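Biologist: I'd like to learn how to read helices, sheets and domains in a model. Could you walk me through it?

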Amino acid sequence: MINTYIPYFKKSDKNILKKCLETNFVSTAGPLVKKFQDDFNKKYNFKYSVAVNSGTSALHLGLKAVGVSKGDTVILPSYTFAATANAIIYNNASPWFFDCDRNFDLPIDKIEEILKSKTYFKKKNLVLKKNNSVVRAIIPVSTFGKKLEFDKLIKLSKKYNIKLLFDTAACHDNKIFNFEKDKKMHFCFSFNGNKTLTSGAGGIFASNSKKLIDKVKTLANVGKRMNKYDYETIGFNYKMTNIQAALGLSQINNLKKILLIKKKIFHNYYENFKVLKNIKCFFDRKNQNWVFVLIVNSNKRFREIQDLFRREKIQLDLFWKPLHLQNPYKKFMREKLKFTEFIWNKVIVLPSHPGLKNNDQKKIINLIKKIS
Ligand SMILES: Cc1ncc(COP(=O)(O)O)c(C=O)c1O
């Protein structure tokens, strides 16, 4: 089977895991979690971060730390993984689903237009006319691991006084984060096994705000800050383990190589597919690093390619299904989602991992060319 994603492990990954077992540091105790955070901060140009047990946990606590609470409303795209919405609901707030534009970004102008008609300011808070719920935050999502419009989004969040939490779960190219960050921008990453950089499972909440980092750290550590059994708040047992951090550290050391191999694979796909008429590449050469994506012109075409791939033992699943179309999320507020509803079942995520063999990539390229 040629899988969409498999992690890329070298001897160094195995050695560091072996060391954890030899030193007995397998739980949340151990020296490597701090080192992982420090190395991550250095690599991704953040002042602070808190390593947790998943990207979902980073989102959950990140929202809590920025002040999302019962009755609030949070803006997000419907085209995302469930965790983005779930984290809002875990905080007893409500998701407000928006469409994305052709670039898979939240459409800032459109959002402004809608905010102007559906909200008003009350004591500096942006409030929904419909039910007086405070629109507390916005979560832009890095789709396919692409770069986000960081500058425009911080401007929007300041203008409307809404907190900004970036769901950069799968956006792992450190060059994308090499910019001066505002203390009001906060970022959640996932290191699940299907991501460019993996710690098995795991995540990080990263920020340049010490205040926010301290809050997330305490929340992730069962509400404790200092002593073993002194609790400051009702927290969560969300800490990353030493084993996860060990793997994450070794992956950070290999990140440059991993990204380089992936870029070559992506470039090869792009050079072969850019001329196709009915199948389009969704590809930003500089700013995309997780998965390589093709867009087909109909769902029928998607299913044809899926059937062909199935016969050839190549994994192809439908990618994210819009959340607003699914039972658990149907009751929440949503705007018109024309592009999202049109595009989601035409997205082809090709095998995109660094271990993809040349011959396997050739096979995929030939099949797509033949069917296009
Ligand atoms: C956009 C997005 N947000 C959040 C997550 C959640 O991360 P995790 O699986 O580490 O909880 C994912 C995971 O794939 C994701 O794609």
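Modeller: Gladly! Helices (H or I, at least four residues) and strands (E, at least two) are DSSP runs, numbered from the N terminus. Axes are lines fitted to C-alpha atoms, for helices over the stretch in contact, and angles run from 0 to 180 degrees between N-to-C directions. Please keep in mind that this is a predicted model, where local features need pLDDT of at least 70 and side-chain atom pairs count only at pLDDT 80 or more, while totals for chains, interfaces and linings use all residues. Residues are numbered from 1 along each chain as its sequence is written.

Biologist: At what angle do α3 and α4 pack?

Modeller: The angle between helix α3 (residues 55-66) and helix α4 (residues 82-90) is about 40°, and their axes are 8 Å apart. That makes α3 oblique to α4 (under 35 degrees is roughly parallel, over 145 roughly antiparallel, 65 to 115 roughly perpendicular, and the rest oblique).

Biologist: Which residues make that contact?

Modeller: Two residues are in contact if their C-beta atoms, placed from the backbone, lie within 7 Å. Here α3 brings G55, T56, L59, H60 and L63, and α4 brings A83, T84, N86, A87, I88 and Y90. For classes, Ala, Val, Leu, Ile, Met, Phe, Trp, Tyr, Cys and Pro count as nonpolar, Asp, Glu, Lys and Arg as charged, and the others, Gly among them, as polar. This contact has six nonpolar, five polar and no charged residues.

Biologist: Now the sheet: in what order do the strands run?

Modeller: Two strands pair if DSSP finds at least two bridges between them. In this open sheet, eight strands follow the order β1-β9-β8-β7-β6-β2-β3-β12, with mixed pairing. β1 (48-52) and β12 (333-334) are at the edges with a single partner strand each, so one side of each has no neighbour in the sheet. Strand β3 (residues 94-98) runs parallel to β12, joined by two bridges, and F97 has R334 as its bridge partner in β12.

Biologist: And which domains is the protein divided into?

Modeller: Domain bounds come from an automatic or database domain assignment. Domain 1 covers 11-250 and domain 2 covers 254-371. Their C-alpha centres lie 25 Å apart, and 31 residues of domain 1 are in contact with 27 residues of domain 2.

Biologist: Which element gives the most to the side of domain 1 that touches domain 2?

Modeller: That is β3, with five residues. The residues on that side of domain 1 divide into 14 nonpolar, nine polar and eight charged.
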